[in-house]
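Q: Could you take me through one part of this protein in some detail? I'd like to see how a single helix sits among its neighbours.

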Amino acid sequence: MKNIALFIDIDNMREIKLDTKLLIEKIKEYFREECKICIGKAFYEMKGDAYSTFKYNLYKSGVEPIYSPNFGNVNDENRIGKSVSDSIMICSALETLYKNSNIDTYVIVSSDKDFVPLIKNINAEGKEVLVIGLKLNTSDYLIEVCNSIGIKFFDYEIFTSENKEDILK
């Protein structure tokens, strides 16, 4: 059985309506073998009642929502501060890497090049890595690094599509 750790950068995936249940189904379908999402975490800075349903759906999918604050001069109309979501996600993934040797595969859901050092570290430890992001928003550098070290990058829209052939290309 393949043991998977799933880390989702919600702030980076805001442009779409992220369906974590569908995403997990497609991850299991992709690996075509028995697998278990042992750890699932979604990092975000969103707040307010508008996201209560979203957070509930994360929990229903077995994914733990982890709030991280935005620091700086912030008001409701203009976000000027800096979120620490990426840093918290990187620390959490590294902690998982070094404390949970049973995890075979790491799935990183983000389009952000800030995760390149994390992806390289996980890969260097001999773990399988899969990166899923929004192709239109994804850093060319992230895709280039994935290609150069043999990590598969998938566009979220294609990965969660109904067409299995698109996913398995």
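A: Let's start with helix 3, where the buried residues are S85, D86, M89, S92, A93, T96 and L97. Look down the axis of helix 3 and those buried residues fall within an arc of 140°, so they line one face of the helix. Turn to the face pointing away from that buried side and you'll find C91, Y98 and K99, which are exposed. Keep in mind that this is a predicted model.

The length of helix 3 checks out too. The helix runs over residues 85-99, and its 15 residues, at 1.5 Å a residue, should span 21 Å; the end C-alpha atoms are 21 Å apart, so the two agree.

Now zoom in on one residue of helix 3, T96. T96 has a relative accessible area of 4%, and because the cut-off for buried is under 20%, it counts as buried. What does T96 touch, once you set aside its neighbours within four places in sequence? The list is A5, F7, I39, I103 and Y106.

Next, the partner helix. In general, a pair of packed helices is described by two things, the angle between the axes and the distance between them. For helix 3 and helix 4, the axes are 10 Å apart and the packing angle is about 5°. Angles under 35 degrees count as roughly parallel, so that label fits helix 3 and helix 4. On the helix 3 side, the contact is made by I90, A93, L94, L97 and Y98, while helix 4 brings L118, N121 and I122. Sort the residues of this contact by type and you get seven nonpolar, one polar and no charged. Two names turn up again here from the buried list of helix 3, A93 and L97, and Y98 is back from the exposed face.

L118 is a good residue to click on from the helix 4 side. L118 is buried, with a relative accessible area of 3%. Leaving out residues within four places in sequence, L118 is in contact with I90, A93, L94 and I108. Take L94 from that list: L118 and L94 are 24 residues apart along the chain, and their C-alpha atoms are separated by 7.4 Å.

Helix 4 (residues 116-124) also meets helix 5 (residues 140-148), with axes that come within 10 Å and cross at roughly 10°. That crossing makes helix 4 roughly parallel to helix 5. Here V116, I119 and K120 of helix 4 meet Y141, L142 and V145 of helix 5. By type, the residues of this contact divide into five nonpolar, no polar and one charged.

For a look at a strand, try K36, which lies in strand 2 (residues 35-44). K36 is partly exposed, at a relative accessible area of 44%. Not counting residues up to four places away in sequence, K36 touches M1, K2, N3 and I4. A5 sits 31 residues from K36 along the chain, and the two C-alpha atoms are separated by 8.8 Å. A5 is also one of the residues in contact with T96.

Stepping back to the whole protein, there are seven helices and eight strands. Of its 169 residues, 48% count as buried. As for contacts between residues at least 6 apart in sequence, 63% join residues at least 24 apart.

Note on methods
Residues are numbered from 1 along each chain as its sequence is written. This is a predicted model: local features need pLDDT of at least 70, side-chain atom pairs count only at pLDDT 80 or more; totals for chains, interfaces and linings use all residues. Side-chain values use heavy atoms; hydrogens and water are left out. Helices (H or I, at least four residues) and strands (E, at least two) are DSSP runs, numbered from the N terminus. The expected span of a helix is 1.5 Å times one less than its number of residues. Buried means under 20% relative accessible area, exposed over 50%, partly exposed in between (1.4 Å probe, protein chains only). The arc is that of the directions from the helix axis to the C-beta atoms. Axes are lines fitted to C-alpha atoms, for helices over the stretch in contact, and angles run from 0 to 180 degrees between N-to-C directions. Angles under 35 degrees count as roughly parallel, over 145 as roughly antiparallel, 65 to 115 as roughly perpendicular and the rest as oblique. Contact means heavy atoms within 4.5 Å. Ala, Val, Leu, Ile, Met, Phe, Trp, Tyr, Cys and Pro count as nonpolar, Asp, Glu, Lys and Arg as charged, and the others, Gly among them, as polar.
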